[in-house]
Amino acid sequence: MMGNLEGGRVPAAVKTAPAWRHALYEVASLLTFPQRPDHYVEWLFPLYSTTEVRARVEAVRRETENITTLVLRPNSLWRGHRAGQWVALSVEVNGVWLTRCFSISSAPSRLDGLLEVTIKAVPSGRVTPRLVLGATPGMLVRLSQAQGTFVLSEPTPAKLLFVSAGSGITPIMSMLRSKPACPDIRILHFARSASDVPFAAELQKIGGRPGNQVQLVFGDSALDGSLLADLVPDFASRETYVCGPAGLLAATQSALAAVAASSRFHAESFALEAKESTTTGTVTFQRSNRTVEGAHTILAMAEQAELKPQSGCRAGLCHSCTRRKVSGATRDVRTGEVSAEGGVLLQLCVSQPVGPVVIDL
Ligand SMILES: Cc1cc2nc3c(=O)[nH]c(=O)nc-3n(C[C@H](O)[C@H](O)[C@H](O)COP(=O)(O)OP(=O)(O)OC[C@H]3O[C@@H](n4cnc5c(N)ncnc54)[C@H](O)[C@@H]3O)c2cc1C
Ligand code: FES
């Protein structure tokens with residue numbers, strides 16, 4: 001059972017409720033002692049929570065050999081999403097709750113209140129194999145609210161181009177599903193082979209609508225300006241949304257820049273893009289009394305010291321790895337900026353030590 005409230009404490013939602021509700025909770029606490037009333041409510045209604053979004057897996061749909069869609073029913077705390085956004089999803093793996101980020105692949109406008117995430121198994125990953133190969137209906141997960149700025153501009157542009165590779169198709173699928181009547185869409189998707197393409201039948205259907213075109217590129221072809229111009233001759237006039245590896249984003253961005261259309265470029269990458277550096281340092285994890293020397297992110301160095309700080313996206317997006325920096329200089333691996341300020345909150349996954357650093361962990 002997922003316990004989100006500390007034992008014996010009155011939940012915040014009850015504390016701020018009218019006095020009669022507080023009194024009722026106190027009476028219920030006497031009746032259910034030594035457990036909290038929430039213990040029994042959660043047992044009866046596993047999705048119940050006053051503080052966190054929980055969701056039940058309603059269905060599991062295999063898309064390809066290593067890609068699975070989970071259909072989720074969130075509890076009433078879920079505030080919905082915009083097409084293109086992602087959630088931090090936590091799942092219990094061997095008794096430990098681990099968090100990873102996944103784009104929502106379903107449209108926001110679903111009337112059944114369900115949402116979908118489509119997950120590719122990373123062969124040596126700790127979480128995705130569990131979700132892709134081991135998820136079954138009834139399984140419970142925790143969700144953040146939807147996050148991210150990779151969303152369609154409003155009003156919807158008249159001419160759209162979507163470029164994706166691998167699981168980068170997932171936020172784009174949500175966008176496509178949210179605009180079923182939108183004409184004049186070009187979709188370029190890169191995959192190893194036909195059997196690696198999720199949503200293949202649906203993409204074919206979207207491509208068959210008047211004004212639209214879907215092109216699947218198989219093998220090792222890398223996108224560049226001339227391939228883009230061959231496949232989508234009028235790409236310069238299209239609002240362009242790209243999701244995939246860094247190389248795909250960079251190639252599309254420079255193709256648009258070359259035709260003075262940089263403002264039409266919108267992108268999301270699932271992995272951290274770090275600037276190269278030769279910086280090294282020593283991190284002391286104060287509470288755990290461990291010190292590690294190295295040239296990695298502080299999150300990786302904590303893991304090297306066999307500590308298990310919370311983490312999710314490992315890309316500076318979800319904030320689950322945030323800890324207090326007591327002292328020392330750190331470098332943001334995304335921007336290269338160095339900050340020597342102590343007593344501040346720090347995202348461990350995107351921070352590297354510059355000299356000696358002390359972290360409250
Ligand atoms: C905003 C966002 C949206 C995303 N949307 C999707 C989506 O819709 N669908 C999807 O499939 N994926 C998506 N991803 C990617 C997804 O979150 C990752 O595939 C997932 O985090 C991998 O989790 P894992 O636990 O399986 O792998 P992890 O255990 O986190 O490992 C990932 C990789 O890192 C390596 N690794 C792990 N720990 C270490 C270590 N200590 N030292 C060295 N190497 C290590 C592993 O070998 C593996 O190759 C998204 C990511 C982000 C940031
Ligand atoms: S793990 Fe998501 S911000 Fe660090």
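**Figure 1. Leucine 89 has leucine 143 as its bridge partner in strand S6.** This is a predicted model, in which local features need pLDDT of at least 70 and side-chain atom pairs count only at pLDDT 80 or more, while totals for chains, interfaces and linings use all residues. Residues are numbered from 1 along each chain as its sequence is written, and chains are lettered from A and ligands numbered from 1 in the order in which they are written. Strand S3 (residues 86-93) and strand S6 (residues 140-143) pair in the antiparallel sense over 2 bridges; two strands are taken to pair if DSSP finds at least two bridges between them. Helices (H or I, at least four residues) and strands (E, at least two) are DSSP runs, numbered from the N terminus. Strand S6 is also joined to strand S1 (residues 53-64), with which it runs antiparallel, by 4 bridges, and here alanine 55 has valine 141 of S6 as its bridge partner.

**Figure 2. The open antiparallel sheet consists of 6 strands.** Read across the sheet, the order is S4-S3-S6-S1-S2-S5. Because S4 and S5 stand at the edges with a single partner strand each, one side of each has no neighbour in the sheet. From one strand to the next, the twist averages 40 degrees; axes are lines fitted to C-alpha atoms, for helices over the stretch in contact, and angles run from 0 to 180 degrees between N-to-C directions.

**Figure 3. The open parallel sheet consists of 5 strands.** Its strands follow the order S9-S8-S7-S10-S11. Strand S9 (213-218) and strand S11 (265-268) are the edge strands, each with a single partner, so one side of each is left without a neighbour in the sheet. On average, and with direction ignored, neighbouring strands of this sheet are turned by 15 degrees against each other. Within the sheet, S7 and strand S10 (residues 239-243) run parallel and are joined by 5 bridges, and leucine 160 finds its bridge partner in glutamate 239 of S10. Helix H6 (residues 200-207) lies across strand S8 (185-191) and S9, and runs at about 140 degrees to S9.

**Figure 4. A shell of 22 residues surrounds ligand 1.** Gly125, Val127, Thr128, Thr170 and Phe270 come nearest to the ligand; a residue is near a molecule if its C-beta atom, placed from the backbone, lies within 6 Å of it. Strand S4 (96-103), strand S5 (115-120) and helix H9 (298-304) each supply at least two residues of this shell, and S4 gives the most, with 4 residues. By residue class, the shell divides into 11 nonpolar, 7 polar and 4 charged residues, where Ala, Val, Leu, Ile, Met, Phe, Trp, Tyr, Cys and Pro count as nonpolar, Asp, Glu, Lys and Arg as charged, and the others, Gly among them, as polar. At least three residues of the shell come from each of domain 2 (53-143) and domain 4 (281-359), with domain bounds that come from an automatic or database domain assignment.

**Figure 5. Arginine 126 is found in the loop between S5 and helix H4 (128-134).** Arginine 126 counts as exposed because it has 12 C-beta neighbours inside 10 Å; a residue is buried if 20 or more other C-beta atoms lie within 10 Å of its own, exposed if 12 or fewer, and partly exposed in between, with C-beta atoms placed from the backbone. When its neighbours within four places in sequence are left aside, arginine 126 is in contact with Val93 and Leu98, contact requiring that the C-beta atoms, placed from the backbone, lie within 7 Å. Although arginine 126 and valine 93 are 33 residues apart along the chain, their C-alpha atoms are separated by 7.9 Å.

**Figure 6. Three loop residues show backbone features of interest: proline 155, glutamate 306 and histidine 319.** Most residues other than glycine have a negative phi, and most peptide bonds are trans. Proline 155, in the loop between S6 and strand S7 (160-165), follows glutamate 154 through a cis peptide bond with omega near -10 degrees. In the loop between H9 and strand S14 (322-332) lies glutamate 306, a residue other than glycine with a positive phi near 65 degrees, which counts as exposed because it has 9 C-beta neighbours inside 10 Å. Histidine 319, likewise placed in the loop between H9 and S14, has a positive phi of about 65 degrees although it is not a glycine, and with 15 other C-beta atoms within 10 Å it is partly exposed.

Notes: Contact = placed C-beta atoms within 7 Å.
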